[in-house]
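Me: I would like to go through this structure by question and answer. Please end each reply on the value or name I ask for.

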Amino acid sequence: LYGFGMSMGGFGIWDLLMRHPGLLAAGVPLCGGGDSSYAAQLAKTPIWTIHSEDDTAVPVKCTKDIVQAIQKADGKKLKYEILQGYGHNVWDYAANKQSLMQWLFCQKKRNT
């Protein structure tokens with residue numbers, strides 16, 4: 001199972017990864033954010049998150065904060081991109097990024 005969501009769906013993917021560690025093989029939260037206190041358990045989960053610096057609907061700080069916390073927790077399976085010029089619509093970028101889809105479908109569920 002893979003999780004892929006944007007905006008409130010991005011928040012939902014972060015929340016699902018936090019509440020049910022090991023349920024998803026990988027998550028792709030776009031323009032969302034999560035609770036940094038869960039960073040240690042997220043550090044082992046493959047996550048690719050994308051946000052645009054000029055997003056006026058969901059501040060990019062929401063993604064930057066959780067990314068920073070996961071990095072501090074030695075998260076080695078985290079990929080992230082901060083874009084410019086997409087506003088709140090990074091979906092077009094993500095949906096057409098071939099390497100993202102290839103990465104996603106190569107992820108396997110970890111044993112919990």
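Me: Among contacts between residues at least 6 apart in sequence, what share joins residues at least 24 apart?
Reply: The model discussed here is predicted. Contacts in the protein between residues at least 6 apart in sequence form the reference set, and the share joining residues at least 24 apart is 65%.

Me: In what order do helices and strands follow one another along the sequence?
Reply: The secondary structure consists of five helices and four strands. Read along the sequence, they give the pattern β-α-β-α-β-α-β-α-α.

Me: Which radius of gyration does the protein have, and what would a compact globule with 112 residues have?
Reply: The C-alpha trace spans about 40 × 30 × 20 Å along its principal axes. A compact globule with 112 residues would have a radius of gyration near 13 Å, and the protein agrees with this, at 13 Å.

Me: What percentage of the accessible surface belongs to carbon and sulfur atoms?
Reply: Of the 112 residues, 46% are buried. The accessible surface comes to about 5,900 Å², and the part belonging to carbon and sulfur atoms is 53%.

Me: How far apart are the mean positions of the positive and negative charges?
Reply: The protein has 12 positive and 9 negative charges. Taking the mean position of each set, the separation is 12 Å.

Me: Is Ser7 buried or exposed?
Reply: Ser7 sits in the loop between strand 1 (2-6) and helix 1 (8-19). Its phi is positive, about 65°, although Ser7 is not a glycine. Most residues other than glycine have a negative phi. The relative accessible area of Ser7 is 19%, and the cut-off is under 20%, so Ser7 counts as buried.

Me: What is the phi of Asp74?
Reply: Asp74 belongs to the loop between helix 3 (61-72) and strand 4 (78-83). Asp74 is a residue other than glycine with a positive phi, and the value is near 65°.

Me: Which residue has its backbone nitrogen 3.2 Å from a polar atom of the Ser52 side chain?
Reply: Ser52 is in strand 3 (residues 47-52) and is buried, with a relative accessible area of 0%. Beyond its neighbours within four places in sequence, Ser52 is in contact with Val60, Leu83, Gln84, Gly85, Tyr86, Gly87 and Val90. The backbone nitrogen lying 3.2 Å from a polar atom of the Ser52 side chain is that of Tyr86.

Me: Which residues does Gly87 touch, not counting those up to four places away in sequence?
Reply: Gly87 is found in the loop between strand 4 and helix 4. Its relative accessible area is 14%, and Gly87 is buried. Not counting residues up to four places away in sequence, Gly87 touches Ser52, Asp54 and Asp55.

Me: How far apart in space are Gly87 and Lys97, C-alpha to C-alpha?
Reply: Gly87 precedes helix 4, in the loop that follows strand 4, whereas Lys97 is in the loop between helix 4 (91-95) and helix 5 (98-106). The two residues are ten apart in sequence, and their C-alpha distance is 17 Å.

Me: With which residue does the side chain of Lys97 form a polar contact of 3.1 Å?
Reply: Leaving aside neighbours within four places in sequence, Lys97 is in contact with Trp48 and Glu81. The polar contact of 3.1 Å links the side chain of Lys97 to that of Tyr93.

Me: What separates the C-alpha atoms of Leu1 and Ala26?
Reply: Leu1 lies in the segment before strand 1 and is exposed, with a relative accessible area of 67%. Apart from its neighbours within four places in sequence, Leu1 is in contact with Leu23, Leu24, Ala25 and Ala26. Leu1 and Ala26 are 25 residues apart along the chain, and their C-alpha separation is 7.5 Å.

Me: What is the distance between the C-alpha atoms of Ile70 and Phe4?
Reply: Ile70 is in helix 3 and counts as buried at 0% relative accessibility. Not counting residues up to four places away in sequence, Ile70 touches Trp14, Ala39, Leu42, Ala43, Ile47, Gly75 and Leu78. Phe4 is 66 residues from Ile70 along the chain, and the C-alpha distance between them is 19 Å.

Terms used
Residues are numbered from 1 along each chain as its sequence is written. This is a predicted model: local features need pLDDT of at least 70, side-chain atom pairs count only at pLDDT 80 or more; totals for chains, interfaces and linings use all residues. Side-chain values use heavy atoms; hydrogens and water are left out. Helices (H or I, at least four residues) and strands (E, at least two) are DSSP runs, numbered from the N terminus. A polar contact is a pair of N or O atoms within 3.5 Å; within protein, one must be able to donate a hydrogen and the other to accept it, and residues adjacent in sequence count only if both atoms are side-chain atoms. Contact means heavy atoms within 4.5 Å. The radius of gyration is taken over C-alpha atoms; the globule rule is 2.2 Å times the number of residues to the power 0.38. Buried means under 20% relative accessible area, exposed over 50%, partly exposed in between (1.4 Å probe, protein chains only). Accessible areas come from the Shrake-Rupley method with a 1.4 Å probe; for residues, only the protein chains shown count as cover. Lys and Arg count as positive and Asp and Glu as negative; His and the chain ends are not counted. The place of a charge is taken as NZ of Lys, CZ of Arg, CG of Asp or CD of Glu.
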